[in-house]
Amino acid sequence: MDLATFARAIFALVLTLGLIGLAAVALRKYGPDAMARFQGVRKDRRMRVVETLVLDPARRLLIIECDGQERLVLLGEGRVVDLKARDPA
């Protein structure tokens with residue numbers, strides 16, 4: 001292996017690492033929602049997670065809004081328990 005081939009390999013490695021670094025910086029700047037901007041307009045969703053709270057490694061509480069009603073749901077231990085339904089006022 002001569003010096004020109006070695007220098008070419010080093011240059012290719014630096015260029016590749018630079019492109020990976022540039023992609024990481026761009027992803028941090030534009031955020032994970034950047035790909036969502038390129039997708040078409042979606043229809044309105046009927047259900048969304050309003051808030052979540054981790055109680056312990058096995059359980060978590062969620063406030064879910066569905067058709068204008070909020071529900072408090074307990075997830076974990078192999079089952080789902082719907083605790084309370086209320087209107088968001």
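The following dialogue works through a predicted model of one chain.

Student: What makes Ile 10 partly exposed, as opposed to buried or exposed?

Tutor: Ile 10, which is found in helix H1, has a relative accessible area of 39%, and because buried means under 20% and exposed over 50%, this residue is called partly exposed.

Student: Why can Ile 10 belong to a patch on the surface?

Tutor: A residue of a patch needs over 30% relative accessible area, and Ile 10 has 39%, so this part of the requirement is met. Together with Met 1, Leu 3, Phe 6 and Val 14, Ile 10 forms a nonpolar patch with about 600 Å² of accessible area.

Student: How do you know how much of the chain is buried?

Tutor: Of the 89 residues in the chain, 10% are buried, that is, they fall under 20% relative accessible area. The chain exposes about 8100 Å², of which carbon and sulfur atoms supply 62%.

Student: What is the order of the elements, and what share of the contacts joins residues 24 or more positions apart?

Tutor: The chain has two helices and four strands, which run α-α-β-β-β-β from the N terminus on. Among contacts with a separation of 6 or more, residues 24 or more positions apart account for 0%.

Student: Which elements have the highest and the lowest mean pLDDT?

Tutor: Helix H1 (residues 3-30) has the highest mean pLDDT, 92, whereas strand E4 (residues 79-86) has the lowest, 63. The chain as a whole averages a pLDDT of 82, with 76% of the residues scoring at least 70.

Methods
Residues are numbered from 1 along each chain as its sequence is written. This is a predicted model: local features need pLDDT of at least 70, side-chain atom pairs count only at pLDDT 80 or more; totals for chains, interfaces and linings use all residues. Side-chain values use heavy atoms; hydrogens and water are left out. pLDDT is the predictor's confidence in each residue, from 0 to 100. Buried means under 20% relative accessible area, exposed over 50%, partly exposed in between (1.4 Å probe, protein chains only). Contact means heavy atoms within 4.5 Å. Accessible areas come from the Shrake-Rupley method with a 1.4 Å probe; for residues, only the protein chains shown count as cover. Patches are made of residues with over 30% relative accessible area and no salt bridge: like charges are joined within 9 Å, nonpolar side chains (Val, Leu, Ile, Met, Phe, Trp, Tyr) within 5 Å. A salt bridge is a side-chain nitrogen of Lys or Arg within 4 Å of a carboxyl oxygen of Asp or Glu.
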